[in-house]
Structures are given as C-alpha cells and as structure tokens.
Amino acid sequence: MHIASVRLTVLFEDPFWIGIYERTCDGQYEVCKITFGTEPKDYEVHAFYLENYDRFTFSPALSAETPAPQREAEAQRQLEIRQEKRREKHQGH
C-alpha cells in the first residue's frame, strides 16, 4: 500500500479530547476518530499512535478527487462552528 498523505488533528469535542486521523492512499480518502479522554501530551499522542495504529478502524474509503484545500477548508469551517457552539453554551451559564 502506497500512502500519499496522512494527518492527525487533536481537538477538544466536549467532553473529551479526540483525534481525527486522515489518510489518502491511491486516490482513496479514509478517516478514523480516536477518543483520548483527557488532554493528551504530544508524546502521549505519538506513543498511542505507535502502539495502536494496527487497531485503528477507518471509515469506508471515499474518492480523494476533492482537492485537499477544499477538504481542509470544510474541516476548518466545521471546527469553527463547534467552537462557536461551545462558546455560546459556556456564555449561557
């Protein structure tokens, strides 16, 4: 298997810290969500990856024909929406 690109994004999704692991290979895009719980340190994320990669469960493959910048822009918009909702939730308390 030839891996063209990979990316791991760690973010807070109330109430847990999660990782979104994306990989594109041979024109196919797959993603895996990882739940960390408490905020992980960089070395903990790296160790978790090394120890558990073979057990990651990826989504069914999608065509990776959508240009990466477009996917990244959409992911960024979704992240901003989630963050805004969290801010609104916390301001309401």
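Let's start with contacts in the protein chain: among those with a separation of 6 or more, 41% join residues 24 or more positions apart. Keep in mind that this is a predicted model, so please treat everything I say as computed from it.

Now, what is the chain built from? It has two helices and four strands. If you trace the sequence from its start, the pattern reads β-β-β-α-β-α.

How much of the chain is buried? Of the 93 residues, 24% are buried. As for the outside, the accessible surface is about 6900 Å², and carbon and sulfur atoms hold 54% of that.

Next, let's look for empty space. Rolling a probe the size of a water molecule over the atoms shows where such space is left. Here, the largest pocket holds about 440 Å³. Which elements give two or more residues to its lining? They are strand S1 (3–13), strand S2 (16–25), strand S3 (28–37) and helix H2 (68–91). H2 gives the largest share, with eight residues.

In total, 18 residues line this pocket. If you want to find its centre on the screen, look for Arg 7, Ile 20, Glu 22, Ala 75 and Gln 78, the lining residues that lie nearest to it.

And what classes of residue make up the lining of the largest pocket? There are eight charged residues, seven nonpolar ones and three polar ones.

So, to look back: we went from the β-β-β-α-β-α pattern to a pocket lined by 18 residues, with H2 giving the largest share of that lining. Thanks for listening!

Methods:
Residues are numbered from 1 along each chain as its sequence is written. This is a predicted model: local features need pLDDT of at least 70, side-chain atom pairs count only at pLDDT 80 or more; totals for chains, interfaces and linings use all residues. Side-chain values use heavy atoms; hydrogens and water are left out. On a 1 Å grid over the protein atoms alone, a cavity is a set of points where a 1.4 Å probe fits but cannot get out, and a pocket is an open set with protein on both sides within 12 Å along at least five of seven lines; lining residues have an atom within 4 Å of a point. Grid points are joined across faces, edges and corners, and a volume is the space filled by probe spheres set on the points. Ala, Val, Leu, Ile, Met, Phe, Trp, Tyr, Cys and Pro count as nonpolar, Asp, Glu, Lys and Arg as charged, and the others, Gly among them, as polar. Buried means under 20% relative accessible area, exposed over 50%, partly exposed in between (1.4 Å probe, protein chains only). Contact means heavy atoms within 4.5 Å. Accessible areas come from the Shrake-Rupley method with a 1.4 Å probe; for residues, only the protein chains shown count as cover.
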